[in-house]
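You asked for a reading of this model with an eye to side-chain contacts, the main pocket and the backbone. My comments are set out below as numbered points.

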Amino acid sequence: MHRYRFLLTRQWVILTLVAIALIPTMIRLGFWQEHRYQERSARNQLVSDALNAKPVSVEKLTSPGHTVTSGERYHTVTAKGRFDTDREVVVRRRTNSDDEIGYHVLTPFVLTDGKVLLINRGWIPANGRSQTAFPEIPAPPRGELTVTGRLMPDETTAASGIKDLKGLPDRQIMLINSEQEARRLGAQVLGGYIAQTAPEPKGDTPELIGRPGKEDAPLNYAYMIQWWLFAAGVPVGWWVLVRRELRDRVEAAERPSEDPEPAVV
C-alpha cells in the first residue's frame, strides 16, 4: 500500500475531500429535480383534465366571493346572459402570442339572475394616439347569448408579479380581480373570470387568449438522471486519476537516470 502514499499529500487530500462533498450534493440535486418533475407532471395533468372535462355552467364552479382553486382553473364553463359594454375596461400591459404589447378587454357579462361574470374577451393592440385615451374596441354580439370560456382565478400582485398601479386613466386597470370589480360595479360578481373561447369574434380583434401550454416536465426528468450520473461518475473519475498518478510514478521510478556514468580510467 506504500504505492498509494501520495494520496496523503495536500493536493490529493483536497481533491478527495472535494469529490466526497460533490457526491451527496449531486444526489440531492437529483432528488430536487425529481420533485420538480413530479410537481410539474401533476400540474400538467390538472390542466389537461380541466381542458378535457365536459363544459358546465359557470355557477356550478364559482360564486360571488369564491376563490377559484387549481383544480377548477382552466375548466371550460358556459354562461347565459348579455354583455355590458358601458362598463367595459381594458387591462394594461398585456401581450399576445407574438409578444406585442396591448390590452386585454374585460367586459362584465350580466347573467340571467342578475349576477355579473367577468369575461376576458381577448387581446387588442395598443395602437391608439396615446395610452391615456380609452382604445377603440370591437363590440361583442348584442342581446342574450351563451358564452363559453376557461375559468381563471383572480389575479393578484403576489401571484402574477404585476403591480396594481393607482391613478390610471379612466377605465384602465392592471389586474383582473373580481373583488375590485365588484366594488367598482356595485354588483354581485362571481369569483375569478373566464377567458372567452366562443363565440369567436367576427373581425381580427379581440384576439382570443390561447390555450395554456404544458410546463416542460421531461426536462426536469433529464436533469434528474444527469445529476445522478454525475454523482456516480465522481468516484469513477477519482479512481481513474489515482491509477494514472500511480502509473506515472511507477514509470518515473523505472526510468533510467539521465546522468551519464563516469568513464572507467
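The points that follow take up aromatic rings, charges over rings, the largest pocket, salt bridges and unusual backbone geometry in turn.

1. The model is a predicted one, and everything said here should be read as a description of that model. The residue numbers count from 1 along the chain as its sequence is written.

2. Aromatic pairs number 7 when the whole structure is searched. One of them joins Tyr4 and Phe6, whose ring centres lie 6.3 Å apart with 35° between the planes, and this pair is classed as tilted. The angle explains the label, because planes under 30 degrees apart would count as stacked and planes over 60 as edge-to-face, with the rest called tilted. Phe6 also pairs with Trp12, and here the centres are 5.5 Å apart and the planes stand at 70°, so this second pair is edge-to-face.

3. Taken together, Tyr4, Phe6 and Trp12 make up one aromatic cluster. Are these rings buried or exposed? Tyr4 counts as buried because its relative accessibility is 16%, and Phe6 is likewise buried, with a relative accessible area of 4%. Trp12 is buried as well, as is its partner Phe6. The cut-off that matters for these assignments is 20% relative accessible area, under which a residue is called buried.

4. Two arginines are placed over aromatic rings, and each deserves a look in the viewer. The charged end of Arg171 sits over the ring of Phe134, at 4.0 Å from the centre of that ring. Arg121 lies over the face of Phe83, and in this case the distance to the ring centre is 5.9 Å. The second value should be read with the cut-off in mind, because a charge counts as sitting over a ring if it is within 6 Å of the ring centre.

5. The largest pocket holds about 660 Å³ of space. It is lined by 33 residues, of which Arg73, Met152, Pro153, Glu155 and Tyr193 are the closest to the centre of the pocket. In composition, the lining divides into 14 nonpolar, 12 polar and 7 charged residues.

6. Which elements supply at least two residues each to the lining of the largest pocket? They are the strands β6 (145-152) and β8 (193-198) together with the helices α2 (157-160) and α3 (178-185). Of these, α3 gives the most to the lining, with 3 residues.

7. The structure holds 11 salt bridges, and two that lie within helices can be described side by side. In helix α1 (residues 10-52), Arg36 and Glu39 are 3 residues apart, which means that about one helical turn separates them, and their side chains meet in a salt bridge at 3.2 Å, N to O. Both partners are partly exposed, Arg36 at 23% relative accessibility and Glu39 with a relative accessible area of 31%. In helix α4 (residues 217-254), Glu245 and Arg249 are 4 residues apart, and here too the separation is about one helical turn. The side chains of Glu245 and Arg249 meet at 3.0 Å, N to O, with Glu245 partly exposed at 24% and Arg249 partly exposed at 41%.

8. Salt bridges that share partners also join Glu59, Asp113 and Lys115 into one network. A further salt bridge is formed by the side chains of Asp164 and Lys166, at 3.6 Å, N to O. Its two partners fall into separate accessibility classes, because Asp164 is partly exposed, with a relative accessible area of 23%, whereas Lys166 counts as exposed at 67%.

9. Finally, some backbone geometry should be checked by eye. Most residues other than glycine have a negative phi, and most peptide bonds are trans. Against that background, Ala198 and Pro199 are joined by a cis peptide bond, with omega at about 0°, and Pro199 has its place in the loop between β8 and α4.

10. Where does Arg93, a residue with a positive phi of about 60°, lie? Arg93 belongs to strand β3 (residues 89-95), and with a relative accessible area of 56% it is exposed. Asp99 likewise has a positive phi, near 65°, although it is not a glycine. Asp99 lies in the loop between β3 and β4 (101-111), and it is exposed, with a relative accessible area of 61%.

Technical notes. Predicted model: local features only at pLDDT ≥ 70, side-chain atom pairs only at ≥ 80, totals over all residues. Heavy atoms only, no water. Phe/Tyr/Trp six-rings, centres within 6.5 Å; stacked < 30°, edge-to-face > 60°. Buried < 20%, exposed > 50% of the residue type's maximum accessible area, 1.4 Å probe, protein only. Lys NZ or Arg CZ within 6 Å of the ring centre and 35° of its normal. 1 Å grid on protein atoms, 1.4 Å probe; cavity = no way out; pocket = protein on both sides within 12 Å on 5 of 7 lines; lining within 4 Å. Points joined across faces, edges and corners; volume = space filled by probe spheres on them. Nonpolar A, V, L, I, M, F, W, Y, C, P; charged D, E, K, R; others polar. Salt bridge = Lys/Arg side-chain N within 4 Å of Asp/Glu carboxyl O.
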